[in-house]
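I am opening a notebook page for this protein and will write down what I look up, one entry at a time.

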Amino acid sequence: MRIRRIFAAVFATAALAGIGLTGTATAATATAGSVTPASVTPGECTDNGGTIDRSTPVLPTCRGGMYDGQSVD
């Protein structure tokens, strides 16, 4: 009888630990992908090595650096 209770406790602990690991893996996968924003702020452009090109027709554009070619708000 005592062994059954111990076995049940171990099984329950393992099941709960598995749920915790699955949740952590899902959260890590969701944040792993990096998405390039549609537009960046002037500070983001210059902080990441770019310059703001204001000669483009509609919106200024970040030239060079990490956000090269992105529009600047």
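**Entry on Gln70.** Leaving aside its neighbours within four places in sequence, which residues is Gln70 in contact with? Working from a predicted model, I looked this up and found Thr36, Pro37, Ala38, Ser39 and Val40 on the list, together with Pro60, Thr61 and Cys62. I then located Gln70 in the loop between strand 3 and strand 4, the latter covering residues 71-72. I also noted that Gln70 counts as buried because its relative accessibility is 17%, and the cut-off for that word is under 20%.

**Entry on the whole protein.** To place that loop, I looked up the elements and found two helices and four strands, which run α-β-α-β-β-β from the N terminus on. I wrote down that the protein has 73 residues, of which 14% count as buried, and that the accessible surface comes to about 5600 Å², with 65% of this surface belonging to carbon and sulfur atoms. Among contacts between residues at least 6 apart in sequence, I found that 29% join residues at least 24 apart.

**Entry on Thr61.** Since Thr61 is one of the residues in contact with Gln70, I turned to it next and found Thr61 in strand 3. Is Thr61 buried or exposed? I recorded Thr61 as buried, because its relative accessibility is 9%. Beyond its neighbours within four places in sequence, Thr61 is in contact with Thr51, Ile52, Asp53 and Thr56, and also with Gly69, Gln70, Ser71 and Val72.

**Entry on Arg63.** I stayed in strand 3, which spans residues 61-63, and looked up Arg63 there. I noted Arg63 as partly exposed, because its relative accessible area is 37%, a value that falls between the 20% limit for buried and the 50% limit for exposed. Not counting residues up to four places away in sequence, Arg63 touches Gly50, Thr51, Asp53, Thr56, Asp68 and Gly69, and with Asp53 there is also a polar contact of 3.3 Å between the side chains. I further noted that the C-alpha atoms of Arg63 and Ile52 are separated by 6.1 Å, although these residues are 11 places apart along the chain.

**Entry on the core.** Which residues make up the largest nonpolar core? I found five, namely Val40, Cys45, Cys62, Tyr67 and Val72. As a general remark, I wrote that nonpolar side chains tend to be buried together in soluble globular proteins. For Val72, I listed the residues it touches beyond four places in sequence, among them Val40 and Cys62, as well as Ile52, Leu59 and Thr61.

Definitions and conventions: Residues numbered from 1 in each chain as written. Predicted model: local features only at pLDDT ≥ 70, side-chain atom pairs only at ≥ 80, totals over all residues. Heavy atoms only, no water. Buried < 20%, exposed > 50% of the residue type's maximum accessible area, 1.4 Å probe, protein only. Contact = heavy atoms within 4.5 Å. Polar contact = N/O pair within 3.5 Å; in protein donor to acceptor, adjacent residues only side chain to side chain. Core = buried A, V, L, I, M, F, W, Y, C linked by side-chain atoms within 4.5 Å. Areas by Shrake-Rupley, 256 points an atom, 1.4 Å probe, with all protein chains shown as cover.
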